[in-house]
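Let's take a walk through this structure together, one stop at a time. Have the sequence and the 3D view ready, and follow along.

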Amino acid sequence: MMLANLLGLLNVDSFRHDIIQNVGVGIMTLSIFFASLALTYFRKWKWLFGEWLSSLDHKKIGVMYIIVAVLMLSKAGFDALLMRTQQSLSVGNNHGILASQHYQQIFSSHGTTMIFFAAMGLMFGIINLAVPILIGTRDVAFPWLNSVSFWLFVSGMILLNTSLAIGDFSGAGWLAYPPLSELQFSPTVGVDYWIWSLQIAGVGSLLSGINFIVTILMKRTKGMNLMKMPMFVWSVLGSMTLVVFAFPVLTATITLLYLDRLVGTHFFTSGGGGNPMMYVNLIWAWGHPEVYILILPAFGIFSEIVATFSKKKLFGYTSMVWAIWAIVILSFTVWLHHFFTMGAGADVNGFFGIMTMIIAIPTGVKIFNWLFTMFRGKITFSAPMIWFVGFILLFSIGGVAGVLLAVPPADFQLHNSLFLVAHFHSMIVSGVLFGYFAGIVYWFPKFSGIKLNERLGKIAAYLWILGFIVAFVPLYALGIMGATRRMDHYSPSMGWQPLFIVAGVGVLIIGLGLLTLVSQVLYSVYKHVENKDRTGDPYDGRTLEWSIPSPAPHYNFSILPIVKKTDDFWESKQEKRSRDLVYKDISMPKNSYIGLFLSSGAFALGFGAVWHILWLSIVGLLIILGSVIARTLTEDTEYTIPKEKLILDDIQFYGEGK
Amino acid sequence: MENNLVIKAENSKSYLGFWIYILTDCVVFASLFAVYATLHNNTNGGESAQILFSMPLALTQTIILLTSSLTSGLAIIAALNKHKTRILLWTVVTFLLGSLFLFLELREFNHLASMGDSWRASGFLSSYFVLVGTHGLHILIGLLWMIVLGLIIIKKGLTAKSMKGLVMFNLFWHFLDVIWIFIFSVVYLMGHMGL
């Protein structure tokens, strides 16, 4: 009896699953086991904790974000494969490989993982890697807070994946609409897992948002005023502004949902004076800006890539900045287009339909700016440019489909159909993911010192583009034919099966693309001697990151640059401007385990809250409070690098007298 | 050196960051106010705000909280004058006023719940308890913060770092005041008028 109280809702049944889920748990457990074994065998535990897990270096945190995100991308990609397999098989008398309840969990976890842990992870990874160097500074504004953000992201991720092994996951879709997500209709802990993994990761994102706004506003190097910032930095500033305005709404909303489930409040219940549609409004007041949070940095990355590989200044810099801020503001005025069918009335639907069409205009401005940047440029079609071209084609098609959906009468027909699924995957795969892949490939030499294999890079990009077309064009057709999303079984008389099979083949091609992308990195690292970037400027680049050695030293700049123009590094190369070699001692943040420790508290808090284990939640809360107080009391947070060391490093990379 | 402690350059990052944090918290409260505005008529057959809430109590709470904001401001003035005991004195007064406020709020919550008007009763009461309770939770965090800040000042004196903490605490405390003014107006005043 005592034990039962200590364990909350946990019991032996929480560990029983069907065969497919057991295979997943097995793979996960074995991976962790072999990774630990390898770390022990090579005696790398100390290195792992001392050099990486406790690191406050924004570049290392960025790399860790990307590693976690790629793992999550593969996991959620596997979910996609299961879904398409089910839909290709489950026709008529055949019911496929998955039970309905399991299928629901799989599409919920696919969406949640992809948005929160794959896309957001890639985004924060690249922002961490690039932004401080692009604005000519040595670190972010709050290095410790940055590690807290990352570790909260990781503990949210672990909590989500724990649901695979212990208990179940939400089957209520990636946004858990009530009343389905209320206790009455989802009595298991699945929705609570969803709530708490988002809650923890969401707070991490919020802290990152604050951190990068302050970094960009306060830590730019001398001479870099706002209108001289690289476009990627502008796009990050826009995206982070959206984060600080939108994420608190998510935090509040899912807290209310949790209270409904835990203590019986009536916020979103159908009875008792609750209002389920209020949840849908609130979640999209966060959810729509979230789409732009993801896409804006991708736009920024493409702006850098196009300018670099066209050997031209970015066309229409000022209009690009205005387009970003137009998107930031307008993105808060369109949320209702996610539920025109709510029945808000023709005038309300009309307003949101028109705003949705208007937001396509600044996006169009950006597309034309990129095209005009390429016009009469000396274009090199290297791998990042292939991603870019694929993006322009597929993203524009998806965007036009979006404008079609913005027309309320058309939306009434296409609402919740696979047409919609095809539309938003066009935005998020060929927009967001292509952008981040291009960014990783583009900046890879800077943070690793190794140039990536071009051939494999191009094959990966082409496979993704091809796979995307094969996987999602059939969905447009299926949607118009009436196939709804989240459907695990249909009648053969619909005639949908061939198209579902084609879409399934598309997923396999995308999977091949992901494998090629990973093997591009592994192969290039394996051949690192011949792929070494000895110049620090492999593309004849334009912005500050190419002015420092590759891999970037942990202090980034031995001498902080002084900026005179936009694309200052390019201009300084044209003018053959040389830098003043005035070295000074610099101080850098010391590594800290407190962020890692704090996030373990967040995990305990979340796990306790999911399973109603009160003591565990209290322990988690105390760990969090204790970590914050401990950090406040830490006096000695920085160490000094003497200028002699900086001079030595520079001589080693550039040679004597440069 | 003396008065520059407040505006020391290395602190300005933290201040900007803290202002943005306050903005995010404003958005949390904005969401909760929106929820209250949507649900405040959904009484589910129970009593409405007009009958349930006591104006004299809400007014007393308001006066207590506003006074605590004054005393926490006095702590800043004492800090600018480098008067350590006075900082501690005013912080203790602020702490006591904050605790009294929280005590009155919890007493009202307890009273409502014991009458059967708990957060389970209706959408209206759910949104009331969570909106006002979230403010109360912030007050609790402020109280904990004051304890830590007071101990640091006792132990290490008035360093640049503890000054930074004191200024940020004041921003936080005044922010809670502003939120309370909105709660007082929207929940209690408008409720009293039956709006």
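Before the tour begins, here is the yardstick for burial: a residue is buried if 20 or more other C-beta atoms lie within 10 Å of its own, exposed if 12 or fewer, and partly exposed in between, with the C-beta atoms placed from the backbone. Keep in mind, too, that you're looking at a predicted model.

Let's try that yardstick on Asn416(A). This residue has 15 other C-beta atoms within 10 Å, so it is partly exposed. You'll find Asn416(A) in the loop between α13 (408-414) and α14 (418-448) of chain A. Its backbone is worth a look as well: phi of Asn416(A) is near 60°, a positive value in a residue other than glycine. Why stop for that? Most residues other than glycine have a negative phi, and most peptide bonds are trans.

Ala176(A) is another residue that isn't a glycine and has a positive phi, here about 45°. Is Ala176(A) buried or exposed? With 25 C-beta neighbours inside 10 Å, Ala176(A) counts as buried. Look for Ala176(A) in the loop between α6 and α7 of chain A.

That loop between α6 (143-165) and α7 also holds Pro179(A). A cis peptide bond links Pro179(A) to Pro178(A), with omega at about 0°. Another cis bond turns up between Ser550(A) and Pro551(A), where omega is about -10°. For Pro551(A), go to the loop between α16 (497-526) and α17 of chain A.

While you're in that part of the chain, have a look at α17 itself. Helix α17 of chain A covers residues 568-574, and Asp568(A) is part of it. With 23 C-beta neighbours inside 10 Å, Asp568(A) falls in the buried group. Which residues does Asp568(A) touch, once you set aside its neighbours within four places in sequence? They are Leu544(A) and Val563(A). For a sense of scale, try finding Asp57(A) as well: 511 residues in sequence separate Asp57(A) from Asp568(A), and their C-alpha atoms are 25 Å apart in space.

Now for some helix pairs. Start with α6(A) and helix α18 (residues 594-611) of chain A, whose axes come within 8 Å and cross at roughly 35°. The crossing of α6(A) past α18(A) is right-handed. On the α6(A) side, the residues that meet α18(A) include Trp144(A), Trp151(A) and Ile158(A), while those on the α18(A) side include Gly595(A), Ala602(A) and Phe607(A). Sort the residues of this contact by class and you get twelve nonpolar, five polar and no charged.

The next pair is helix α7 (residues 190-218) and helix α8 (residues 231-263) of chain A. How do these two cross? Their axes come within 8 Å and make an angle of roughly 150°, so α7(A) and α8(A) are roughly antiparallel to each other. The crossing here is left-handed. In the contact of α7(A) with α8(A) there are 21 nonpolar, six polar and two charged residues.

Helix α8 also leads us to the largest nonpolar core, which has 245 residues. Val233(A) is one of the residues with the most contacts inside this core, along with Ala69(A), Ala119(A), Phe302(A) and Ala438(A). The largest share of the core, 22 residues, comes from helix α9 (residues 276-310) of chain A. Not counting residues up to four places away in sequence, Val233(A) touches Val131(A), Leu134(A), Ile135(A) and Ile216(A).

Time to move over to chain B. Its 195 residues include 33% that are buried. Chain B has six helices and zero strands, and its C-alpha atoms fill a box of roughly 65 × 30 × 25 Å along the principal axes. Take the contacts in chain B between residues at least 6 apart in sequence: 81% of them join residues at least 24 apart.

Our last stop is where the chains meet. Here 26 residues of chain B are in contact with 29 residues of chain A. On the chain B side, α1 (9-39) and α5 (123-156) each supply at least two residues. Which helix gives the most to this side of chain B? That's α1(B), with 14 residues. By class, the side of chain B that touches chain A has 13 nonpolar, eleven polar and two charged residues.

Note on methods
Residues numbered from 1 in each chain as written. Chains lettered and ligands numbered in written order. Predicted model: local features only at pLDDT ≥ 70, side-chain atom pairs only at ≥ 80, totals over all residues. Contact = placed C-beta atoms within 7 Å. Helix = DSSP H or I, 4+ residues; strand = E, 2+ residues; numbered from the N terminus. Nonpolar A, V, L, I, M, F, W, Y, C, P; charged D, E, K, R; others polar. Axes fitted to C-alpha atoms, helices over the stretch in contact; angles between N-to-C directions. Parallel < 35°, antiparallel > 145°, perpendicular 65-115°, else oblique. Left-handed = near helix turned anticlockwise from the far one by under 90°. Core = buried A, V, L, I, M, F, W, Y, C linked by C-beta atoms within 7 Å.
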